[in-house]
Amino acid sequence: MPAALALLRFPVEQSRGRRYPESRHPYRNEFQRDRDRVIHARAFRRLENKTQVFPASLSDHFRNRLTHTIEVSQLSRTVAVVLGLDESLVEVLALAHDIGHPPFAHAGEEELDRQMQRFGARFDHNRHALRIVETFEQRYARFPGLNLTFEVREGILKHSKDLSPADGREFDEYLPGLRPPLEAQIIDLADEIAYNTADLDDAWSAGLVDADSACSAIEEFAALWEREATQFPGATERERFYEVLRQLVDALVTGLIEGTREASLAAGAGSVEEVRSHPVRLVRLTEETQRLNRGLKHFLHKMVYGSETLLAERRASTARIAQMFTYFMDDPERLPESYREGLSEQPAHRIVCDYVAGMTDRYFEKTYRELFG
Ligand code: MG
């Protein structure tokens with residue numbers, strides 16, 4: 001196994017700490033406490049009723065955003081342990097990485113962003129996640145939000161892209177222009193590995209892809225598919241598919257471990273500060289697995305995300321989100337009381353956006369039926 005990158009581990013005792021200082025816990029360190037706070041948050045439980053890719057109305061077997069999150073956590077913890085990084089920091093960031101997602105997956109995010117642009121604002125799920133942990137979760141008497149450590153908040157904000165000074169003064173404290181620690185960088189690629197392979201699995205169950213289409217589009221899939229036929233001649237097609245899928249996951253995770261180790265050694269990074277100041281992220285796949293990852297992605301776009309089943313679903317969700325957003329913007333007094341209170345402090349479009357973004361798919365459906373029949 002590749003040598004560990006223990007020198008690049010973020011040392012929990014060097015955390016910049018919490019906004020509101022707290023005394024130490026007798027046996028959990030600060031990142032372990034943050035992990036537990038996220039697990040007990042309402043926004044975390046809501047993930048269960050948010051779509052990942054395939055809506056729950058089609059089958060109970062598909063991933064939802066909660067089971068996807070657990071898969072990302074599992075993959076990224078493996079990578080962290082092998083590389084000698086902080087497992088708890090990676091775990092909390094994995095568990096929190098999608099809590100800012102609105103209902104109806106990417107269709108929901110794009111439509112909310114489109115609606116916000118009419119008012120010169122934007123919607124971004126990373127920033128929304130930060131608002132959730134900083135403000136919306138109200139479970140502590142002594143402070144608003146979850147009072148998470150700086151590194152966890154930074155990792156939430158930078159999980160899928162870096163922050164630049166041009167992103168605005170409001171994020172100045174989060175070290176714009178610097179990379180986050182490796183623990184935070186892992187999440188984005190672990191997320192990709194998890195959803196590319198899981199979407200292939202779910203698409204197989206949904207009948208959108210089969211062995212022929214996968215073999216002709218993805219070289220690595222074809223090679224493994226042939227190999228499994230020789231190794232398990234009596235296996236059913238389904239068993240053979242799972243053997244192949246499991247090896248694809250393993251190849252990608254191994255590629256992530258090796259790619260990161262190679263890049264970190266090549267950069268000569270010997271400390272967290274050097275990870276931060278390096279011009280690009282050091283967490284990456286090897287070239288070979290980047291190719292595999294691209295192949296999977298391309299295949300899924302063509303066969304799954306662009307399929308009529310999902311496109312029809314997407315058009316319907318988009319239209320209904322737009323309709324609900326407009327309904328509340330036409331008269332913000334229609335918002336529930338707890339949201340109306342915010343209208344004196346923030347523009348109505350932000351409050352309406354927060355309200356809709358916080359809904360689960362199920363709650364959205366229920367509200368929609370109540371409002372529009
Ligand atoms: Mg995700």
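**Notebook: pockets, metal site and cores**

I began with the open space, and the largest pocket came out at a volume of about 1,000 Å³. A reminder to myself: this is a predicted model.

**Entry 1, the largest pocket.** I looked up who lines this pocket and found 44 residues, with Thr 51, Gln 52, Val 53, Arg 65 and Ala 105 nearest its centre. By class, I noted 17 charged, 16 polar and 11 nonpolar residues in that lining. Which helix gives the most to the lining of the largest pocket? I found helix 8 in that role, with six residues. Other elements that each supply at least two residues include helix 3 (65-83), helix 5 (105-117) and helix 13 (287-305). Helix 14 (308-330) and helix 17 (361-372) are also among the elements with at least two.

**Entry 2, the second largest pocket.** I read off about 610 Å³ of space here. Its lining has 22 residues, and I wrote down Thr 135, Phe 136, Gln 138, Ser 338 and Tyr 339 as those nearest the centre. Two or more lining residues come from each of helix 2 (42-46), helix 6 (125-136), helix 15 (337-340) and helix 16 (348-357). Helix 6 has the largest share of this lining, five residues. I sorted the lining of the second largest pocket into eight charged, seven polar and seven nonpolar residues.

**Entry 3, the magnesium ion.** Which protein atoms are the donors of the magnesium ion? I listed His 68 (NE2), His 97 (NE2), Asp 98 (OD) and Asp 191 (OD), at 2.2 to 2.5 Å from the ion. Along the chain, these donors follow the spacing H-x28-H-D-x92-D. I also checked burial for two of them: His 97 and Asp 98 are both buried.

**Entry 4, the cores.** I turned next to nonpolar packing. The largest nonpolar core holds 83 residues, and Leu 200 and Phe 221 touch the most other members. Helix 8 (residues 182-205) makes the largest contribution to this core, 11 residues. I followed Leu 200 outwards: beyond four places in sequence, its contacts include Val 209, Phe 221, Phe 241 and Leu 245. Leu 248, Leu 296, Phe 299 and Leu 300 are also in contact with Leu 200. I then found a second, separate core of 21 residues, with Phe 104, Ile 321, Phe 325 and Cys 353 among its members.

**Entry 5, Ala 214.** I picked this residue out in helix 9 (residues 211-217). Is Ala 214 buried or exposed? Its relative accessible area is 1%, so I count Ala 214 as buried, the cut-off being under 20%. Leaving aside neighbours within four places in sequence, I found Ala 214 in contact with Phe 221 and Phe 299. I also took a distance to Gln 52, 162 residues apart from Ala 214 along the chain: the two C-alpha atoms are separated by 21 Å.

**Entry 6, positive phi.** Most residues other than glycine have a negative phi, and I noted two residues with positive values. Phe 104, not a glycine, has a phi of about 65°. I placed Phe 104 in the loop between helix 4 (87-96) and helix 5, and found it buried at a relative accessible area of 9%. For Asn 147, phi is near 50°. Asn 147 sits in the loop between helix 6 and helix 7 (150-157). With a relative accessibility of 5%, Asn 147 is buried too.

Conventions
Residues are numbered from 1 along each chain as its sequence is written. This is a predicted model: local features need pLDDT of at least 70, side-chain atom pairs count only at pLDDT 80 or more; totals for chains, interfaces and linings use all residues. Side-chain values use heavy atoms; hydrogens and water are left out. Helices (H or I, at least four residues) and strands (E, at least two) are DSSP runs, numbered from the N terminus. Buried means under 20% relative accessible area, exposed over 50%, partly exposed in between (1.4 Å probe, protein chains only). Contact means heavy atoms within 4.5 Å. A nonpolar core is a set of buried Ala, Val, Leu, Ile, Met, Phe, Trp, Tyr and Cys residues joined through side-chain atoms within 4.5 Å. On a 1 Å grid over the protein atoms alone, a cavity is a set of points where a 1.4 Å probe fits but cannot get out, and a pocket is an open set with protein on both sides within 12 Å along at least five of seven lines; lining residues have an atom within 4 Å of a point. Grid points are joined across faces, edges and corners, and a volume is the space filled by probe spheres set on the points. Ala, Val, Leu, Ile, Met, Phe, Trp, Tyr, Cys and Pro count as nonpolar, Asp, Glu, Lys and Arg as charged, and the others, Gly among them, as polar. Donors are N, O and S atoms within 2.8 Å of the metal (3.2 Å for Na, K and Ca); water is not among the atoms, so sites may look incomplete.
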